[in-house]
Amino acid sequence: MRVLVAGGAGYIGSVVTADLLAAGHEVTVLDDLSTGHADAVPEGAALARVGLHDSAPVLADVRPEVVLHFAAKSLVGESQERPELYWETNVGGSLALLEAMRAAGCRRIVFSSTAATYGEPESVPIREDAPTRPTNTYGATKLAVDTMLTSYATAHGFAAVSLRYFNVAGAAHGLGERHTTETHLIPLALQVAAGERESLTIYGDDYPTDDGTCVRDYIHVADLSDAHLLALPAPAEGEHRVYNLGNGTGFSVQQVVDAVREVTGHPVPVELGKRRAGDPAQLVASSDRIRADLGWQPRHTDLAGIVRDAWELTDPAAPRGSHARGGPR
Ligand code: UFG
């Protein structure tokens, strides 16, 4: 199929692009490189260096049969400080993309949604029918796009899937997390192990969990990517499906730190800090729906394995070649 990947120069988008190419699809990446990297776009994909608001001419030219939409601002803290940036990029940009799709006669889309649409859960594991009460602007903007997709399916016959990611980690195809401003636990802990940071701050140890630190559901980016390829053909015209994507197993911040110590062989000094605003105690997915509907089955559920794959791209002592961060272009 002719596929357009919005945000294909970012962490998750680039991994999915590599898998789409391997499956024989013709891929154009649309990315303004505001947070993505041109050298992360896998060889074989075309790159249009354009933002969502200016995407119409690219879609008119490419005439994609399906769009995968990863392009977004995605830092929870930043979304609280600069909400206008999140509404403009995530919601305004998505609206522009959907209109560009309509004009180009493309009505099939897979959208990167998030567990942040649920907010503080009433119970875990979280199912797709749980209440959506986002506690930050990032989650609110993603939920707004989910709602937009439901309207476009109903009114314009779009075939849409929203994939609600939990905590994505690991690396695949030599592509890993490479954010200028890093806020995520696993890459930060690995930077400490690599000697790039002195210590890791644990944000609170007084949560109602076994060891007092927050529990999250870490999903390997390769398993996440599999779900996108399964989702592509799934919905009928006029249908908007929503699927959670996680392993269904929670690991605490302390358990992640222990795994990083074990995998890297480095001590990883930690400091205890205050709770981070808006952090729910536990976020664990029920992914029963996508398993049942699409036969999705995660292959990398072992936390140490997820950490090891990310470490291979971070470790300054790793042999050259395994240290490559992006595919050559
Ligand atoms: N944490 C620390 N120290 C750090 C960084 C993180 O203790 O230096 C803790 C956080 O408090 C949290 C856990 O590690 O308990 C995981 O934090 P991340 O920032 O890695 O991930 P989040 O769970 O906050 O965020 C993820 C996604 C978001 C999504 C959110 C849903 O990255 O995109 O889940 O709530 F919005």
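Q: How do the residues of the shell around the ligand divide into nonpolar, polar and charged?

A: They divide into twelve nonpolar, five polar and three charged residues. Here Ala, Val, Leu, Ile, Met, Phe, Trp, Tyr, Cys and Pro count as nonpolar, Asp, Glu, Lys and Arg as charged, and the others, Gly among them, as polar. The model is predicted: local features need pLDDT of at least 70, side-chain atom pairs count only at pLDDT 80 or more, and totals for chains, interfaces and linings use all residues. Residues are numbered from 1 along each chain as its sequence is written, and side-chain values use heavy atoms, with hydrogens and water left out.

Q: How many residues surround the ligand, and which are the closest?

A: The ligand is surrounded by 20 residues, and the closest are Leu185, Thr201, Arg216, Arg276 and Asp279. A residue is near a molecule or strand if one of its heavy atoms lies within 4 Å of it.

Q: Which helix and which strand each supply at least two residues of that shell?

A: Helix H6 (185–193) and strand E8 (200–203) do so. The largest share, four residues, comes from E8. Helices (H or I, at least four residues) and strands (E, at least two) are DSSP runs, numbered from the N terminus.

Q: What lies 2.7 Å from an oxygen atom of the ligand?

A: A polar side-chain atom of Arg216 is at that distance from a ligand oxygen. Backbone atoms take part as well: a polar backbone atom of Tyr203 is 2.9 Å from an oxygen atom of the ligand, and for a polar backbone atom of Thr183 the distance is 3.4 Å. A polar contact is a pair of N or O atoms within 3.5 Å; within protein, one must be able to donate a hydrogen and the other to accept it, and residues adjacent in sequence count only if both atoms are side-chain atoms.

Q: And what share of the ligand's accessible area does the protein cover?

A: The protein covers 91% of the 690 Å² of accessible area that the ligand has on its own. Accessible areas come from the Shrake-Rupley method with a 1.4 Å probe; for residues, only the protein chains shown count as cover.

Q: Where does the ligand lie with respect to domain 1 and domain 2?

A: The ligand lies between them, because both domains give residues to its shell. Domain 1 comprises 2–166 + 220–244, and domain 2 comprises 169–217 + 248–286 + 295–314; the bounds come from an automatic or database domain assignment.

Q: How many residues of the two domains are in contact?

A: 28 residues of domain 1 are in contact with 28 residues of domain 2, where contact means heavy atoms within 4.5 Å. The C-alpha centres of the two domains lie 24 Å apart.

Q: New topic, H7: is this helix enclosed by the rest of the structure or open?

A: Helix H7 (residues 221–231) is largely enclosed by the rest of the structure, because eight of its eleven residues are buried. The buried residues are Val221, Ala222, Asp223, Leu224, Ser225, Ala227, His228 and Ala231. Buried means under 20% relative accessible area, exposed over 50%, and partly exposed in between (1.4 Å probe, protein chains only).

Q: Turning to H4, is Ser94 buried or exposed?

A: Ser94 is buried, with a relative accessible area of 1%. This residue is found in helix H4 (residues 83–104). Leaving aside neighbours within four places in sequence, Ser94 is in contact with Leu52, His69, Thr89, Phe111, Val145 and Met148.

Q: And Asn90, buried or exposed?

A: Asn90 is buried at 2% relative accessible area, and this residue also lies in helix H4. Beyond neighbours within four places in sequence, its contacts include Tyr138, Thr141 and Val145. Glu84, found in helix H4, is exposed, with a relative accessible area of 52%.

Q: Any backbone oddities: which residues does a cis peptide bond join?

A: A cis peptide bond joins Val124 and Pro125, with omega about -5 degrees. Pro125 lies in the loop between strand E5 (108–114) and helix H5 (137–156). Most residues other than glycine have a negative phi, and most peptide bonds are trans.

Q: What is the phi of His173, and what is that of Val268?

A: His173 has a positive phi of about 55 degrees, and Val268 has a positive phi of about 50 degrees; neither His173 nor Val268 is a glycine. His173 is partly exposed at 45% relative accessibility, whereas Val268 is buried at 1%. Val268 lies in the loop between helix H8 (253–264) and strand E13 (270–273).
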